[in-house]
Structure formats: structure tokens, C-alpha cells
Amino acid sequence: MAFPTETVYGLGADACNAAAVAAIFSAKQRPRFDPLIVHIHDFVQIELVAHSLPPKAYKLIEAFWPGPLTIVVPKQKAIPDIVTSGLPQVAVRMPGNSIARELIKQAQTAVAAPSANKFGHISPTRAAHVQESFGSEVDMILDGGPCTVGVESTILGFTADPPVVLRFGGIALEDIKRVVGEVQIPPHNSRVNASPGRQLRHYAPLTPLIAYDSPCHQQAGLRKGLLAFCPPQPAALQQYAAIEVLSERGDPAEAACNLFAALRKLDSKGLDVIVTTPAPDYGLGPAINDRLNRASYTQTAQQKARST
Ligand code: TXA
Ligand code: MG
């Protein structure tokens with residue numbers, strides 16, 4: 001079943017039922033090495049999922065739950081290995097969306113749920129996006145309207161101290177630091193000390209995307225689309241066949257909320273290429289830029305040879 005959260009729509013299954021979780025992996029065409037986040041509806045339910053909570057994790061959940069923060073902590077036996085891809089830690093979050101929490105409560109179990117998109121593609125922020133990706137493959141979509149945050153949860157790991165930011169997301173780094181002090185940020189392309197799901201290419205439209213325009217994309221006849229953080233200069237407009245502005249007032253939170261829907265819109269227009277302008281480096285800006293970088297990633301021939 002697909003359901004709304006404040007970040008993106010999720011595709012949910014009973015987190016304690018390995019067969020139900022396996023069905024999520026196959027519907028998403030997701031490799032088994034990429035673990036799922038377990039969703040809970042109240043603080044008591046965390047005992048079913050997490051074996052223990054490091055003090056800094058506890059401080060963060062006090063500050064940000066329910067909300068777009070995921071913590072990666074030692075797992076309980078009740079959570080089958082398929083959920084965590086065999087890791088001893090589990091990712092947990094309590095969503096801010098009240099429909100999501102009510103669903104989990106009614107289910108009387110914790111709910112494992114990835115974003116409700118096919119693996120590697122654009123995340124869904126509307127019920128219609130889930131329908132587009134899965135059609136009749138999902139038995140039910142709970143329509144909670146547009147997601148209010150629009151980018152996935154921020155993920156923090158606690159196997160090291162300071163804690164490690166495994167994914168930029170719906171809680172700004174400044175706010176996390178205010179609660180726990182310093183954090184570690186692995187480099188963009190690092191898989192060391194990072195989450196197994198940090199693929200370099202992710203959130204990708206079918207149309208080639210170039211994070212940040214440059215003169216070499218000024219080829220005559222190319223139908224270009226622009227995904228602009230804020231309104232572009234009028235003089236620049238004529239070179240684009242389509243334009244989506246993420247925030248009229250240049251606000252990173254508003255831009256995050258519009259990001260995936262705007263990307264899907266441009267992707268449906270038969271463009272040759274989509275170029276973007278970066279978000280600023282504060283608030284949810286880094287979460288937006290991280291997604292644009294991953295969505296635009298293409299392997300060079302050399303990298304391809306190395307990875308095979
Ligand atoms: O906002 C969100 O987090 C959304 C909504 C539906 O809650 N969910 C979401 O799930 O974004 P998904 O599966 O698309 O991304 C989960 C990320 C992956 O990068 C995965 O590798 C990481 O969380 N993850 C899950 N369990 C982990 C674990 N035990 N250790 C490290 N990383 C983990
Ligand atoms: Mg996802």
C-alpha cells in the first residue's frame with residue numbers, strides 16, 4: 001500500500017514480515033543491498049524496532065519527531081534481516097504526517113517503507129505520481145494531497161561520534177547541529193562510513209539533466225528546459241523551451257516542496273536536456289543540490305569500465 005508522508009509518498013509493508021518486505025523490493029525493482037526505513041507512530045513503538053538509543057539520537061528525536069528525521073540505530077530481533085540488508089542497524093523514523101501515523105497505528109505494527117517510485121527514479125510527492133510509476137502494481141494509494149516538505153528525511157548514523165549525515169533531507173543541517181553539535185559529512189561520492197543506498201545516480205528523470213548550465217550546452221536547435229531555483233533574468237528566458245521556477249521568493253523550503261513535481265513536469269515535455277540553477281547553501285538548499293547532483297550523474301566510460 002502507498003501512503004503519504006510529509007516528505008514523499010512511501011510504499012509500505014509490515015516491517016516484521018519478511019515476505020511482505022520482499023514484495024516491496026520486487027515492486028520497486030530495488031536491489032536487496034539497499035535497506036528500508038522503518039516507520040513508527042509513537043515513541044513506545046520504537047522499542048519494537050530499536051535495541052538501544054545513543055544519547056545524541058535521543059536528543060534528536062526529542063527535537064524533531066514526529067518529522068523528517070531518520071536515525072540509524074542498533075536493531076531489535078523482531079526486524080528481519082531483509083529490512084536492513086543484513087546490517088545490525090535499522091533506520092527508523094516517526095513521520096510528521098498524521099495520515100501516515102494513523103495508518104501505522106491501525107496496522108498495529110511498524111511499517112517498512114521506501115519512497116514509492118521505481119528504483120533510481122524521481123520520488124513521488126503526489127498520489128498521482130505513485131499511480132504513474134506503479135499503476136495496478138499497488139493495491140491501494142492513500143491520497144493525502146501534496147507532500148509539505150517534498151524531499152526525503154535527513155538520515156543520521158550513530159556508529160561513529162560525531163554522528164554521520166547519511167543523507168541530506170527535510171531537517172536542515174544547521175538545526176541538527178544546534179541540537180547535537182558537530183556532525184560528519186562523508187564526501188558526495190563516498191561509500192565508506194556511509195549508507196548503502198548512496199548511489200551516485202538517483203532521483204533521475206528520463207531526460208538528461210545537467211546540474212548547472214554552461215556555454216557548451218548552447219547548441220543550436222537543442223530543446224532545453226530550465227529548472228530554476230528562483231525567477232531567472234528575463235533576458236535568459238528565450239533560450240528555454242520550458243521553465244519551472246521552484247520558489248518565486250527564493251525560499252529553499254518552498255523550493256524543496258516543489259522540486260520533484262517540477263522535475264516530473266519538465267521530464268514529460270519531450271525536451272533534449274534539462275538544466276538547473278543551484279539552491280543556496282543553507283536550510284533545505286543542500287538537500288535540493290544533493291538531489292540535483294545525483295539526478296544529473298552519468299558514468300564516464302572510464303568509470304563504467306572500472307565498475308564492471
Ligand atoms: O522521507 C523518507 O525517508 C521517505 C519516506 C517514505 O519516509 N523514505 C525514503 O526511503 O526516502 P528510501 O528507501 O527511498 O531511502 C532510504 C534510505 C536509503 O538510502 C537507504 O540506503 C538508507 O535510507 N537506509 C535505510 N536503512 C539503513 C540502514 N540500516 N543503514 C544505513 N542506511 C540505511
Ligand atoms: Mg527513495
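# Exercises on a predicted model

N289 touches Y212, P278, A279 and P280, leaving aside residues up to four places away in sequence. The model is predicted, and the exercises below start from this residue.

## Exercise 1: the setting of N289

Task: state in which helix N289 lies, and decide whether N289 counts as buried or exposed.

Solution. Step one is to place the residue: N289 belongs to helix α9. Step two is the accessibility, which for N289 is 13% in relative terms. Buried means under 20% relative accessible area. N289 therefore counts as buried.

## Exercise 2: helices α8 and α9

Task: find how the axes of α8 and α9 are arranged, and name the residues through which α8 and α9 meet.

Solution. Begin with the axes. Helix α8 covers residues 252-267 and helix α9 covers residues 285-295; their axes come within 9 Å and cross at roughly 30°. Angles under 35 degrees count as roughly parallel. The two helices, α8 and α9, are therefore roughly parallel to each other. The crossing of α8 and α9 is left-handed.

Next, list the contact. From α8 come P252, A255, A256, L259 and F260, and they meet G285, I288, R291 and L292 of α9. Sorted by class, the contact of α8 with α9 has seven nonpolar residues, one polar and one charged.

## Exercise 3: the four-stranded sheet

Task: give the strand order of the open sheet of four strands, and explain why one side of β10 and of β12 is left without a neighbour in the sheet.

Solution. The order is β10-β13-β11-β12, and the pairing is parallel. Strands β10 and β12 (242-245) stand at the edges with a single partner strand each, so one side of each has no neighbour in the sheet. From one strand to the next the twist averages 20°.

Now look at the bridges. Strand β10 (residues 209-211) pairs with β13 in the parallel sense over three bridges. In this pair, I210 has V275 of β13 as its bridge partner. Helix α9 packs on the sheet and touches β10, β11 and β13, with its direction at about 135° to that of β10. A211 stands opposite T276 in β13. On the β11 side, four bridges join strand β11 (residues 224-228) to β13, and these two run parallel. There L227 stands opposite T276 in β13.

Finally, consider the side chains of β13 (residues 273-276). V273 and V275 point one way, I274 and T276 point the other way, and all are buried.

## Exercise 4: strand β5 and the seven-stranded sheet

Task: find which strands are joined to β5 by bridges, and why β5 is said to be largely enclosed by the rest of the structure.

Solution. Start from the sheet order. An open sheet of seven strands runs β3-β7-β4-β6-β5-β8-β9, with mixed pairing. At its edges stand β3 (13-14) and β9 (164-167), each with a single partner strand, so one side of each is left without a neighbour in the sheet.

Then take the two partners of β5 in turn. Four bridges join β5 to strand β8 (residues 154-157), and the two run parallel. One of the pairs here is T70 with I155 of β8. Strand β6 (residues 89-93) is joined to β5 by four bridges, and these two run antiparallel. In β6, A91 is the bridge partner of V72.

The last step concerns burial. Strand β5 (residues 69-74) has six residues, five of them buried, so β5 is largely enclosed by the rest of the structure.

## Exercise 5: helices α3 and α7

Task: classify the crossing of α3 and α7 by angle, and say which residues of α3 and α7 meet.

Solution. The axes of helix α3 (residues 55-64) and helix α7 (residues 173-180) come within 9 Å and cross at roughly 125°. The two helices, α3 and α7, are therefore oblique to each other. The crossing of α3 and α7 is right-handed.

For the contact, K56, K59, L60, A63 and F64 of α3 meet D175, I176, V179 and V180 of α7. By class, the contact of α3 with α7 has six nonpolar residues, no polar ones and three charged ones.

Notes
Residues numbered from 1 in each chain as written. Chains lettered and ligands numbered in written order. Predicted model: local features only at pLDDT ≥ 70, side-chain atom pairs only at ≥ 80, totals over all residues. Heavy atoms only, no water. Buried < 20%, exposed > 50% of the residue type's maximum accessible area, 1.4 Å probe, protein only. Pairing = 2+ DSSP bridges. Axes fitted to C-alpha atoms, helices over the stretch in contact; angles between N-to-C directions. Parallel < 35°, antiparallel > 145°, perpendicular 65-115°, else oblique. Left-handed = near helix turned anticlockwise from the far one by under 90°. Contact = heavy atoms within 4.5 Å. Nonpolar A, V, L, I, M, F, W, Y, C, P; charged D, E, K, R; others polar.
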